[in-house]
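Student: Please take a close look with me at one part of this structure, its salt bridges. I would like a careful account that also places them in their surroundings.

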Amino acid sequence: MDVQKELNKTSGFKNLQLLASQVVEGYISGMHKSPFHGFSAEFAEHKNYNAGESTRHIDWKLYAKTDKLYTKRYDEETNLRCHLIIDNSPSMHYPITKKQEIGSLNKIGFTALAAASVMNLLKKQRDAVGLSVYSNNYDYYAPEKGSERHHNMLLDQLNKISSEQPVGQTTDTYKYLHEIAENIKRRSLIILFTDMFQSDRHEDELFEALRHLKYNKHDVVLFHTYDSATEVNFNFSNKPTRYTDVETGEFINLYADNVRKDYQQAVKEYFEKLRVRCGQNRIKYMPVDIQQSFDVVMTTFLLERQLFK
């Protein structure tokens, strides 16, 4: 899937751009990057040295090559740093789709587009974004940056995870969240995309890892992705069917009608438990049904967050 191409098809993306264009300098206190240049961590360009300026930022190596004085100019560091975390476990590649495109997305395809839309908004606000991807390994890490090259590199990674099926193994989300938390040193907005499929015995460990992400006063948002048709409503035909766990390979044979009511109740209780526990840990919980309009979900999210205010 070409993530940027599919994203441009959505009216919601146009809405995101409109919302972003309404953000004026200083409107989002402490969260918008200054358009002015200064001296900080991210190099922008060289400029001619003028007599009377500080010699602190002269590029002496360039002087040795050109015999001319130039100073290094930098972009002011962004005040908003966002780190996207994506669960790329086999269960996130459900349901099976022939082609990832708007109107036919599985959980990982939806996640890739959602992440790309957030990245585009942050890019327009000149803020920095980083990305972590995990499956049965900590597959990918990129620190928060705001350059065009960095943005394209992250898009390439989103394209990759939306089109490549990971090896079917159980994913210990809590383990990799701890590792990711250790990599995020500065206060950031952290957005986690996952379907929250963990065994009961790992639930406490998972929330302990989520609390670790709150370290250093990070603002954490959990995008809980699911397919309401089958994973919530259990809309399968009532014929003998084998249901297989895509991660463990375990299976069970049953008639859908025999378990649907109990299954729906169990899922409802689980979702409520997630909401309550996230609230207790001051984590923003966002249930995301991939059967909903992608545009509606993202626009609602941004409005609720008041553009990350």
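Tutor: Before turning to individual pairs, it helps to set the frame: in this predicted model, the accessible surface of the protein chain comes to about 16,300 Å², and 49% of that surface belongs to carbon and sulfur atoms. The protein chain has 309 residues, of which 47% are buried, and its secondary structure comprises 10 helices and 11 strands. If one takes the contacts between residues at least 6 apart in sequence, 75% of them join residues at least 24 apart, and this is a useful background for the pairs that follow.

In general, side chains of opposite charge can pair when their charged atoms come close. A search of the whole structure finds eight salt bridges, and I will go through three of them in turn.

Consider the pair of E144 and R81, whose closest N and O atoms are 3.6 Å apart. E144 belongs to strand β6 (residues 138-145) and R81 to strand β4 (residues 81-87), so this salt bridge ties together parts of the chain that are 63 residues apart in sequence. Both partners, E144 and R81, are buried.

A second pair joins D195 to K107, with a separation of 3.0 Å between the closest N and O atoms. Here, too, distant parts of the chain are linked: D195 sits in the loop between β7 (189-194) and α7, whereas K107 is in helix α4 (residues 107-124), and their positions lie 88 residues apart in sequence as the separation is counted. D195 has a relative accessible area of 2%, which means that it counts as buried, and K107, with a relative accessible area of 0%, is buried as well. This pair does not stand by itself, since K107 and D195 are linked with E231 in a network of salt bridges.

The pair of E148 and K123 offers another setting, with a distance of 2.8 Å from N to O. E148 lies in helix α5 (residues 148-163) and K123 in helix α4, so the salt bridge ties together parts that are 25 residues apart in sequence. E148 has a relative accessible area of 43% and is therefore partly exposed, given that this class runs between 20% and 50%. K123 is likewise partly exposed, with a relative accessible area of 33%.

Around these pairs, some other features of the chain deserve a careful look. S132 is in strand β5 (residues 128-134), and its relative accessibility of 0% places it among the buried residues. Leaving aside residues up to four places away in sequence, S132 touches H83, L84, I85, I86, Y138, Y140, Y141 and I180.

Charged residues also take part in a helix packing. The axes of helix α7 (residues 203-213) and helix α9 (residues 256-280) come within 12 Å and cross at roughly 35°, and this crossing is right-handed. From α7 the contact involves E203, D204, F207 and R211, and from α9 it involves Y270, K273, L274, R277 and C278. Sorted by class, the contact between α7 and α9 has five charged residues, four nonpolar residues and no polar ones.

Finally, some backbone details should be inspected before the model is used as a starting geometry. As a rule, most residues other than glycine have a negative phi, and most peptide bonds are trans. The peptide bond from Y94 to P95 is cis, with omega near -10°, and P95 lies in the loop between β4 and α4. D67, which is not a glycine, has a positive phi of about 60°. D67 lies in the loop between α3 (60-66) and β3 (70-75), and with a relative accessibility of 59% it counts as exposed. R282 also has a positive phi, near 55°, and it too is a residue other than glycine. The place of R282 is the loop between α9 and β11 (284-289), where its relative accessible area of 70% makes it exposed.

Conventions:
Residues numbered from 1 in each chain as written. Predicted model: local features only at pLDDT ≥ 70, side-chain atom pairs only at ≥ 80, totals over all residues. Heavy atoms only, no water. Axes fitted to C-alpha atoms, helices over the stretch in contact; angles between N-to-C directions. Helix = DSSP H or I, 4+ residues; strand = E, 2+ residues; numbered from the N terminus. Left-handed = near helix turned anticlockwise from the far one by under 90°. Contact = heavy atoms within 4.5 Å. Nonpolar A, V, L, I, M, F, W, Y, C, P; charged D, E, K, R; others polar. Buried < 20%, exposed > 50% of the residue type's maximum accessible area, 1.4 Å probe, protein only. Areas by Shrake-Rupley, 256 points an atom, 1.4 Å probe, with all protein chains shown as cover. Salt bridge = Lys/Arg side-chain N within 4 Å of Asp/Glu carboxyl O.
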